[in-house]
Amino acid sequence: MSLRSRIDKILNHNRKRAATGIPESYVVIDIETTDLPKPGRDGKPDFACVHIVEIGWCVVIDRVVREQMATQMFLPHGITSSPAALRTHGYSSEHLTRIGGEPGAALRALRTLLATQWFGLPVVGQNIALFDIPCIEANWQRYGIQQSDAFRQHAVYDTLAIYQAAQPITWQDPDEHGIDFAARLRQSRRSSLDHQIEKYSVSETRGEHRADEDAFLTHCVFEAMRDDGTLALVTGRGKQQ
């Protein structure tokens, strides 16, 4: 049975259940980029100058990863990754030129997957709502790719937002120094993927970020959040779908 046939079978089964469950089948998407967005004139993040260097994904069926892939793409002439981004993913412009594909083709392929093979599957990602999705949409626009309502056809679960929402409110003790409280507050708000990996003990090794590996680790975190009740607590969806 093909992957698309499995997905159709799962979706048909899910439609017979209540629509309030936590999905057991979904696709996890992660990207690596040249930089973080700078504030625009309106104060909102401007993704116009952010280029994607790698797209990674995991297709999960019945809580089991059935497909894990990544595609790298070369950068347009004169575009390079920032030093911080290069430290994160390790993809130099020279390396991407040697092994990367044409950006427009890779981005069109992602758009096609969302509209066909992955159609109807919930999308999961770490900070996907505020970073990955707007960055992907900005890159689609750069290459003239019709995006319409690509992501609006999918329920989106952002593990960063879910994790942050589940953290207890941190109050300052009456006799606590302000500096100590600020440090404790920063610690309580640690919510990066690395921190979640550490909290849930889902991986013992962690090197340079790779989009497909980060997608797999986000899947592990998502399942750990399911098992410890975090997903049900934050989403209000106690039943599994």
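In which kind of crossing, left-handed or right-handed, does helix 6 pass helix 9? In this predicted model, the crossing of helix 6 past helix 9 is left-handed. The residues that make this contact are Thr-159, Ile-162 and Tyr-163 on the side of helix 6, and Thr-218, Phe-222 and Met-225 on the side of helix 9. Sorted by class, the contact of helix 6 with helix 9 holds 4 nonpolar and 2 polar residues, and no charged residues. Two packed helices are described by the angle between their axes and the distance between the axes. Here helix 6, which covers residues 159-166, and helix 9, which covers residues 211-227, pack at an angle of about 35 degrees, and their axes are 11 Å apart.

**Salt bridges**

Helix 9 also takes part in the pairing of charged side chains. Side chains of opposite charge can pair when their charged atoms come close. Over the whole structure, a search finds 4 salt bridges, and the table gives three of these pairs, each with the distance between its closest N and O atoms or from N to O.

| Salt bridge | Distance |
|---|---|
| Asp-35 and Lys-38 | 2.9 Å |
| Asp-227 and Arg-63 | 2.8 Å |
| Arg-226 and Glu-223 | 2.8 Å |

The pair of Asp-227 and Arg-63 links distant parts of the chain, since Asp-227 belongs to helix 9 while Arg-63 is in the loop between strand 4 (52-61) and strand 5 (64-72), 164 residues apart. Asp-227 counts as exposed because its relative accessibility is 58%, whereas Arg-63, with a relative accessible area of 28%, is partly exposed.

Arg-226 and Glu-223, by contrast, are both in helix 9, and because they are 3 residues apart there, about one helical turn separates them. Arg-226 is buried, with a relative accessible area of 8%, and Glu-223, at 8% relative accessibility, counts as buried too. Arg-63, Glu-223, Arg-226 and Asp-227 are linked in a network of salt bridges. As for Asp-35, the partner of Lys-38, this residue counts as partly exposed at 25% relative accessibility.

**Helix 5 and its surroundings**

How far apart are the end C-alpha atoms of helix 5? They are 19 Å apart, which agrees with the 21 Å that the 15 residues of the helix should span at 1.5 Å a residue. Within helix 5, the buried residues are Ile-128, Phe-131, Asp-132, Ile-133, Cys-135, Ile-136, Ala-138, Asn-139 and Trp-140. The elements that cover these buried residues include strand 1 (26-33), strand 4, helix 4 (103-115), strand 6 (123-125) and strand 7. After helix 5 comes Gly-144, which has a positive phi, near 65 degrees.

**His-154**

The loop between helix 5 (128-142) and strand 7 (156-158) is the place of His-154. This histidine counts as buried, because its relative accessibility is 6%, under the 20% that sets the limit for a buried residue. When its neighbours within four places in sequence are left aside, His-154 is in contact with Leu-114, Trp-118, Phe-119, Gly-120, Leu-121 and Val-123. One of these partners, Val-123, is 31 residues from His-154 along the chain, yet the C-alpha atoms of the two residues are separated by 6.2 Å.

Terms used:
Residues numbered from 1 in each chain as written. Predicted model: local features only at pLDDT ≥ 70, side-chain atom pairs only at ≥ 80, totals over all residues. Heavy atoms only, no water. Axes fitted to C-alpha atoms, helices over the stretch in contact; angles between N-to-C directions. Helix = DSSP H or I, 4+ residues; strand = E, 2+ residues; numbered from the N terminus. Left-handed = near helix turned anticlockwise from the far one by under 90°. Contact = heavy atoms within 4.5 Å. Nonpolar A, V, L, I, M, F, W, Y, C, P; charged D, E, K, R; others polar. Buried < 20%, exposed > 50% of the residue type's maximum accessible area, 1.4 Å probe, protein only. Salt bridge = Lys/Arg side-chain N within 4 Å of Asp/Glu carboxyl O. Expected span 1.5 Å × (residues − 1).
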